Amino acid sequence: ESGIYFRASMPNVVLWYLSAMFIAMLILYPILRKNINTFTHIIAPIIFLLSIGYISCTYGHLDVWGQWTGFTTTGIIRALGEISLGCCCYAICQKISALRFGILGRVILTIIALCGFIVVILKACGNIDTFSIIALLILAVSITITFSNKGIITPALNRINLTNIADVSMVLFLCHCSILPSFTSGLICSTLSP
């Protein structure tokens, strides 16, 4: 995603995000370390709003990564915005974690988080392109609530060992371009649309 590549040398196109993420972290981490509060409360929201706002106005969706913008690729801009959003969510999560909620508050937080996940999953089964920026915001809210450990089902989730699922998801992420033709060609599931 630095812009120095040849299409023929990119056998696995899903790795664009890892490349963009590492470059974005190289830029953002020193700023974050200098003053975490200034970064998470001021700089990160500005970076998020400007970068994702630029992508939204220019492309209308988040499914962009290899286009050259004159200064950098859209993948770097997207990674800067999404990592900055994650930093904001972390700060909000810390604030929520410090609060005390009654049973009704915990139920409401759980319902909000679950509804957010369900809406994004349902939209992902169709055409999520035009919904992708809204999906990013919904996921940010749901993940922030979930990681705050204030939901009703959080204690049950904390007892589950998800290490094997994490390993499988990494393999699926890195190999899904190789596996996808099996599904879209009708070999495995003929009713599944691309």
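Accessible areas here come from the Shrake-Rupley method with a 1.4 Å probe, and for residues only the protein chains shown count as cover.

This is a predicted model, in which local features need pLDDT of at least 70, side-chain atom pairs count only at pLDDT 80 or more, and totals for chains, interfaces and linings use all residues. Residues are numbered from 1 along each chain as its sequence is written, and side-chain values use heavy atoms, with hydrogens and water left out.

**View 1. The whole protein, to get our bearings.** The protein exposes about 12500 Å², and carbon and sulfur atoms supply 71% of that area. It holds 7 helices and 0 strands, where helices (H or I, at least four residues) and strands (E, at least two) are DSSP runs numbered from the N terminus. Following the sequence, you meet the pattern α-α-α-α-α-α-α. Of the 194 residues, 29% count as buried (buried means under 20% relative accessible area, exposed over 50%, and partly exposed in between, with a 1.4 Å probe and protein chains only). Contact means heavy atoms within 4.5 Å; among contacts with a separation of 6 or more, 68% join residues 24 or more positions apart.

**View 2. Helix α3 from end to end.** The 25 residues of α3 should span 36 Å at 1.5 Å a residue, and the end C-alpha atoms are indeed 36 Å apart; the expected span is 1.5 Å times one less than the number of residues. Because 18 of its 25 residues are buried, α3 is largely enclosed by the rest of the structure.

**View 3. R78 and its surroundings.** Here we zoom in on R78, which lies in helix α3 (residues 74-98). With a relative accessible area of 16%, R78 is buried. Leaving aside residues up to four places away in sequence, R78 touches W16, I52, I55, L62, D63 and V64. One of these neighbours, L62, offers its backbone oxygen to the side chain of R78 at 2.8 Å. That pair fits the rule for a polar contact: N or O atoms within 3.5 Å, where within protein one must be able to donate a hydrogen and the other to accept it, and residues adjacent in sequence count only if both atoms are side-chain atoms.

**View 4. The R78–E82 pair.** R78 forms a salt bridge with E82, and their closest N and O atoms are 2.8 Å apart. A salt bridge is a side-chain nitrogen of Lys or Arg within 4 Å of a carboxyl oxygen of Asp or Glu, and by this rule the count comes to 1. The two partners sit 4 residues apart in helix α3, so about one helical turn separates them. E82 is buried, with a relative accessible area of 15%.
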